[in-house]
Amino acid sequence: MLKGKTAIVTGSTSGIGLGIARALAGAGARVMLNGLGDPAEIEALRAGMARSAGVEVGFQEADMRHSEEIALLVSQTARRWGSVDILVNNAGIQHVAPLEDFPEARWDDILAVNLSSAFHAMRHALPLMRRNNWGRIINIASAHGLVASAHKAAYVAAKHGIVGLTKVVALETAQTGITCNAICPGWVLTPLVQKQIDALAAQEGLSPQAAKQRLLLEKQPSGEFATPEEIGALAVFLCSPAANQMRGANLSVDGGWTAQ
Ligand code: NAD
């Protein structure tokens, strides 16, 4: 379905971004991976994805805190493959602390990676999409884009911000073949969440399994994690013609978290 299309997935060396990149490659798109990590492991991921999907897969290590590196990620992808058709703004980081103790540097980094990077990437990718009158922008927000939790000031602010930003871009592209939507996952078991499970286990003296259950059941009525594969399948659906008129939506994949 996506043969001939070019996708960038930010923060795709791990977790949800990796699941989305695999799903897009599986649907035939060329994929530019991005993110941090061990170069040898990333090269193994890149080569494995290219081999199993039979598509071209690249990697560019742009730090999403820096606008000039984001500009290069978009321009070099377009130079290599002709355009950028699908942009998934997924890179994200977390820090958990009461507001009075929240380190300023962590606030700045979270706002930069989880919110401003999407602004910069869209600003550079939109003109390329307009040239072909086709594009798909998928912003990975969160249940925390719709409701809050204590001790997550920067994350909740950034995720509410990206839900709003998604709507603005959807309106600015409403009469084109470019759509912009947000996916709002609940808990997905990735390294970002594993750190929070480990912290809860240490803080409350819980076993790893008990901490996992406590974290899940506090928010997610299904008692089950969503998976990167499920989020990837939704991203592929958003790239399909069936989603042509989905614009500015925030799609929850959260086991009922925000239904409460
Ligand atoms: P993860 O830690 O597994 O992956 C994060 C990715 O972002 C990695 O590839 C990492 O290298 C990359 N990254 C981090 N800082 C970066 C930077 N400065 N520049 C470039 N890349 C950077 O986390 P995840 O859980 O897969 O999270 C992915 C997205 O999904 C995030 O936006 C997160 O907020 C969102 N999300 C996650 C959950 C969840 O439960 N895991 C729930 C809702 C939303």
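These are my notebook entries on the two domains and the ligand surroundings of a predicted model.

Entry on the domains. I looked up the domain assignment first and found that domain 1 is made of two stretches, 6-186 and 227-254, while domain 2 covers 189-225. I then took the centres of domain 1 and domain 2 over their C-alpha atoms, and these are 25 Å apart. For the contact between them I noted 13 residues on the part of domain 1 and 7 residues on the part of domain 2.

Entry on the interface. I read off a buried area of about 660 Å² between domain 1 and domain 2, with 54% of this area coming from carbon and sulfur atoms. The side of domain 1 that touches domain 2 has 4 nonpolar, 7 polar and 2 charged residues. I looked for salt bridges across this interface and found 0, whereas the search for polar contacts between the two domains gave 2 residue pairs, both at pLDDT 80 or more.

Entry on the ligand. I listed 30 residues around the ligand, and those that come nearest are S14, N90, Y155, V188 and T190. Which atoms of D63 and M64 did I find beside nitrogen atoms of the ligand? For D63 it is a polar side-chain atom, 3.0 Å from a ligand nitrogen, and for M64 it is a polar backbone atom, at 2.8 Å from a ligand nitrogen. I also noted K159, where an N or O atom of the side chain lies 2.9 Å from an oxygen atom of the ligand. Last, I checked how far the ligand is covered: taken alone it exposes 820 Å², and the protein buries 94% of that area.

Conventions
Residues are numbered from 1 along each chain as its sequence is written. This is a predicted model: local features need pLDDT of at least 70, side-chain atom pairs count only at pLDDT 80 or more; totals for chains, interfaces and linings use all residues. Side-chain values use heavy atoms; hydrogens and water are left out. Domain bounds come from an automatic or database domain assignment. Contact means heavy atoms within 4.5 Å. Buried area is the accessible area (1.4 Å probe) that two parts lose on being put together, summed over both. A salt bridge is a side-chain nitrogen of Lys or Arg within 4 Å of a carboxyl oxygen of Asp or Glu. A polar contact is a pair of N or O atoms within 3.5 Å; within protein, one must be able to donate a hydrogen and the other to accept it, and residues adjacent in sequence count only if both atoms are side-chain atoms. Ala, Val, Leu, Ile, Met, Phe, Trp, Tyr, Cys and Pro count as nonpolar, Asp, Glu, Lys and Arg as charged, and the others, Gly among them, as polar. A residue is near a molecule or strand if one of its heavy atoms lies within 4 Å of it. Accessible areas come from the Shrake-Rupley method with a 1.4 Å probe; for residues, only the protein chains shown count as cover.
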